[in-house]
Amino acid sequence: MSSYTVLLAEDSDFITQHVSQTLESEHGFEIETVTSASETRDTLAESGFDCVVSTYELPDETGIELAESINGDGDEVPFVLFTGNPLEPLAEEALEAGVSAFVSKSSGATGGMDVFANRIRLAIAAGE
């Protein structure tokens, strides 16, 4: 199993801890966490990641705005939107912003971490 580096942008400590631990211990990802869009951009500028996973509602902007700013810089990086919001109303705008995949927070909370990990792997593979 390949080890991928993932930057997780999430401001909930509980979700961050659960997702990080599960993706690291059960799926072999290397996870670095940040809590805001500005911190995400700063961290990406300092080191490379195979994928960014972001919640929809960050303190300083939305995950869609973050995806658009990252991919608009020409540094296209696979981007997975991890949201508790209904996905359908966000889909078109998110895809236009460069979001590679979507994962519902409810699936991550109910044992759907295998699906979550697979979406990350597929987003990375599609970007290669």
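Helices, here, are DSSP runs of H or I with at least four residues, numbered from the N terminus. By that rule, Glu 93 is found in helix α4, which covers residues 88-97. The model is a predicted one, and its chain contains six helices and five strands. Read from the N terminus on, the elements follow the order β-α-β-α-β-α-β-α-β-α-α.

**Overall dimensions and surface**

- A compact globule of 128 residues would have a radius of gyration near 14 Å, and the chain agrees with this because its own value is 13 Å.
- Taken along the principal axes, the box filled by the C-alpha atoms is roughly 35 × 30 × 25 Å.
- Of the 128 residues in the chain, 46% are buried.
- The exposed area of the chain is about 6500 Å², of which carbon and sulfur atoms supply 46%.
- Among contacts with a separation of 6 or more, 64% link residues 24 or more positions apart.

**Nonpolar cores**

- The largest nonpolar core comprises 21 residues, and Ile 64, Phe 79, Leu 81 and Val 99 have the most contacts inside it.
- Two or more residues of this core are given by each of β1 (5-9), α2 (37-46), α3 (63-72), β4 (79-83) and α4.
- Helix α3 provides the largest share of this core, with four residues.
- Another core, of 19 residues, lies apart from the 21-residue core and includes Tyr 4, Val 6, Val 19 and Phe 82.
- Beyond its neighbours within four places in sequence, Phe 79 is in contact with residues including Cys 51, Val 52 and Ser 54.
- Further contacts of Phe 79 include Gly 63, Leu 66, Ala 67 and Ile 70, as well as Gly 98, Val 99, Ser 100 and Ala 101.

**Strand β3 and its pairing**

- In strand β3 (residues 51-55), five of the five residues are buried.
- In a regular strand the side chains alternate between the two faces of the sheet.
- Cys 51, Val 53 and Thr 55 lie on one side of β3, Val 52 and Ser 54 on the other, and both faces are covered.
- Strands β1 and β3 run parallel and are joined by four bridges.
- Ala 9 has Ser 54 of β3 as its bridge partner.
- Strands β3 and β4 also pair in the parallel sense, over four bridges.
- Within β4, Val 80 stands opposite Val 53.

**Helix α1**

- Helix α1 (residues 13-25) has 13 residues, so at 1.5 Å a residue it should span 18 Å; this agrees with the 18 Å between its end C-alpha atoms.
- The buried residues of α1 are Thr 16, Val 19, Ser 20, Thr 22 and Leu 23.
- An α-helix has 3.6 residues a turn, so residues three or four places apart point the same way.
- The elements against which the buried residues of α1 pack are β1, β2 (30-34), β4 and α6 (113-127).

**Glu 93 in helix α4**

- Glu 93 has a relative accessibility of 46%; because partly exposed residues are those between 20% and 50%, Glu 93 counts as partly exposed.
- Along the chain, Glu 93 and Glu 68 are 25 residues apart, and their C-alpha atoms are separated by 9.7 Å.
- Helix α4, where Glu 93 is found, is among the elements that give two or more residues to the 21-residue core.

Conventions. Residues are numbered from 1 along each chain as its sequence is written. This is a predicted model: local features need pLDDT of at least 70, side-chain atom pairs count only at pLDDT 80 or more; totals for chains, interfaces and linings use all residues. Side-chain values use heavy atoms; hydrogens and water are left out. Buried means under 20% relative accessible area, exposed over 50%, partly exposed in between (1.4 Å probe, protein chains only). A nonpolar core is a set of buried Ala, Val, Leu, Ile, Met, Phe, Trp, Tyr and Cys residues joined through side-chain atoms within 4.5 Å. Contact means heavy atoms within 4.5 Å. The expected span of a helix is 1.5 Å times one less than its number of residues. The radius of gyration is taken over C-alpha atoms; the globule rule is 2.2 Å times the number of residues to the power 0.38. Accessible areas come from the Shrake-Rupley method with a 1.4 Å probe; for residues, only the protein chains shown count as cover. Two strands pair if DSSP finds at least two bridges between them.
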